[in-house]
Amino acid sequence: MTFYKLCIVGLLGMFLMIGCSTGKNVVVLLPDPDGNVGEITIDNEGGSQTLSQAGQAVYVKDSTTAPAAPVSLEKAEIEKMFREVLAIEPQPPQTYILYFKRNSTELSEISRKRIPEILNTIRTRNSYDLSVIGYTLSVIGHTDSTGDKQFNLELSLQRALAIRDLLIAEGVDPEYIETTFHGEAMPLIQTKNDTPELLNRRVEIIIR
Amino acid sequence: MRKGIFIIFLIFISQTMPVFAEDSFVGSVKTLKGSVSIVRQNEVIPAKIGSKIFQHDVLQTGHDGSAGIILRDNTVFSLGPESEFVMEEFQFAPAEGKFSLFARMAKGTFSYFSGLIGKRAPDSVHIETPMGTIGIRGTKFLAKVSGD
């Protein structure tokens, strides 16, 4: 009888030890929402481990013990361990790009038709955090580049404001709209100076 | 002359601050369940969907709580129950090439997926935990942190 008791105590002790050395801290690498798998490294006073395959996990006892060799976890195991956190994950932000007529705060016809879809996304996502970022690179001219940059800075601001006003008019709460502008500093497509390019005359709306 | 001043003003604000954000926030609470609070300068504020997150804010979830936040560069962090997260530092100014994301996962369960900082400047992302530092190259991960 005492022998059995000892066995049970011994087994319990082993489980506890396993629990201590492996169960306390764990990091699991997953593919991002686009399906790409990057790399993570866990570094501490004891050493470091790098994970580069989806589903790989590394257990770490504490900050002075080297992270254990990576192991593969089953999907079900991951889902069990992280059930609540996986259930609360927000959808990744969605970006829309609207294009403008030359030298104007007026939307291109195609972009104008996308407005209802954008408003629908804001509403269905119950979005409380928007960024409206204006860009422009539109002016053909013979002025020097400094002059152009200043003009474009103001035009990009006016474009961002035009979209902001449009969203507010549709009932979006202004408190949650952040507006920034960059002039011609961040083109989508690299061009020579003074080149008209529809794809750069744009406002980006990021819906979070 | 007045136009010149306006232009200087425009250049100045475009390089420093967003136009209308009265105080530059880091992100906001996007999803929430149960009890979740924000600790800001020793004050405990109940978190709601839409609550703004600022630098140095601490996010805490109760035993029934969980929350998801999205930062201005599109980084997404989620917290499971009994978790504590500190938004130590955040800088996102692509025009100036300034990127910095420093967060602390003090205890609990977490998920992270990269935003623009993680994609454009992965070396600028620092995530601290009591067991060590997590370095990330554009991806998603889950972490369980015991907190001691």
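Student: What makes up chain A in terms of helices and strands?

Tutor: Chain A has six helices and nine strands. Keep in mind that this is a predicted model. Of the 208 residues of chain A, 41% count as buried, and about 11200 Å² of the chain is exposed, with carbon and sulfur atoms supplying 56% of that area.

Student: And what does chain B contain?

Tutor: Chain B has two helices and twelve strands, in the order α-β-β-β-β-β-β-β-β-β-α-β-β-β along the sequence. Among its 148 residues, 57% count as buried. Its exposed area is about 6400 Å², 54% of it from carbon and sulfur atoms.

Student: How much of the contact in each chain comes from residues 24 or more positions apart?

Tutor: Counting contacts with a separation of 6 or more, such residues account for 59% in chain A and 53% in chain B.

Student: Let's turn to the interior. Which residues touch the most other members of the largest nonpolar core?

Tutor: They are B:Phe77, B:Phe85, B:Met105 and B:Phe141, in a core of 39 residues. Strand S9 of chain B, residues 98-113, gives the most to this core, with six residues. Apart from it lies another core, of 18 residues, including A:Leu107 and A:Ile163.

Student: What does B:Phe85 touch beyond residues up to four places away in sequence?

Tutor: Its partners include B:Ile69, B:Phe77, B:Leu79, B:Met105 and B:Phe110, and B:Asp57 is another of them.

Student: Why is B:Asp57 called buried?

Tutor: Its relative accessible area is 2%. The cut-off for buried is under 20%, so the label applies. B:Asp57 is in the loop between strand S4 (52-53) and strand S5 (58-61) of chain B. Leaving aside neighbours within four places in sequence, its contacts include B:Arg40, B:Lys52, B:Phe85 and B:Met87.

Student: B:His56 is in a loop too. Why is B:His56 called exposed?

Tutor: B:His56 lies in the loop between S4 and S5 of chain B. Its relative accessibility is 54%, and exposed means over 50%, so B:His56 counts as exposed.

Student: What makes the backbone of B:His56 worth a look?

Tutor: B:His56 has a positive phi of about 75 degrees although it is not a glycine. Most residues other than glycine have a negative phi. B:Glu82 also has a positive phi, of about 50 degrees, and is not a glycine either. B:Glu82 is found in the loop between strand S7 (76-79) and strand S8 (84-93) of chain B.

Student: Why is A:Ile189 called partly exposed?

Tutor: Its relative accessibility is 30%. Buried needs under 20% and exposed needs over 50%, so a value in between is partly exposed. A:Ile189 is in the loop between strand S8 (177-181) and strand S9 (202-207) of chain A. Outside four places in sequence, A:Ile189 is in contact with A:Glu197, A:Leu199 and A:Asn200. The C-alpha atoms of A:Ile189 and A:Leu73 are separated by 42 Å, with their positions 116 residues apart along the chain.

Student: Now the rings. How many aromatic pairs are there over all chains?

Tutor: A search of the whole structure finds four.

Student: Why is the pair of B:Tyr112 and B:Phe141 called stacked?

Tutor: The centres are 5.3 Å apart and the planes make an angle of 25 degrees. A pair needs centres within 6.5 Å, and stacked means planes under 30 degrees apart, so both conditions are met. B:Tyr112 is in strand S9 and B:Phe141 in strand S12 (residues 140-145) of chain B, so the pair links distant parts of the chain, 29 residues apart. Each of the two is buried, with a relative accessible area of 0% for B:Tyr112 and 0% for B:Phe141. Ring pairs also link B:Phe77, B:Phe85, B:Tyr112 and B:Phe141 into a cluster.

Student: How do you know that the charged end of B:Lys52 sits over the ring of B:Phe25?

Tutor: The charged end is 4.7 Å from the ring centre. The cut-off is within 6 Å, together with an angle within 35 degrees of the ring normal. The contact is listed as sitting over the ring, so B:Lys52 satisfies this rule.

Student: Finally, what does the contact between chain A and chain B involve?

Tutor: The contact takes 56 residues from chain A and 60 residues from chain B. The area buried between them is about 4700 Å², of which carbon and sulfur atoms give 64%. On the chain A side, A:Ile88, A:Pro90 and A:Arg208 supply 14% of the area that chain A buries against chain B, more than any other three residues.

Notes:
Residues numbered from 1 in each chain as written. Chains lettered and ligands numbered in written order. Predicted model: local features only at pLDDT ≥ 70, side-chain atom pairs only at ≥ 80, totals over all residues. Heavy atoms only, no water. Helix = DSSP H or I, 4+ residues; strand = E, 2+ residues; numbered from the N terminus. Buried < 20%, exposed > 50% of the residue type's maximum accessible area, 1.4 Å probe, protein only. Contact = heavy atoms within 4.5 Å. Areas by Shrake-Rupley, 256 points an atom, 1.4 Å probe, with all protein chains shown as cover. Core = buried A, V, L, I, M, F, W, Y, C linked by side-chain atoms within 4.5 Å. Phe/Tyr/Trp six-rings, centres within 6.5 Å; stacked < 30°, edge-to-face > 60°. Buried area = accessible area lost by both parts, 1.4 Å probe.
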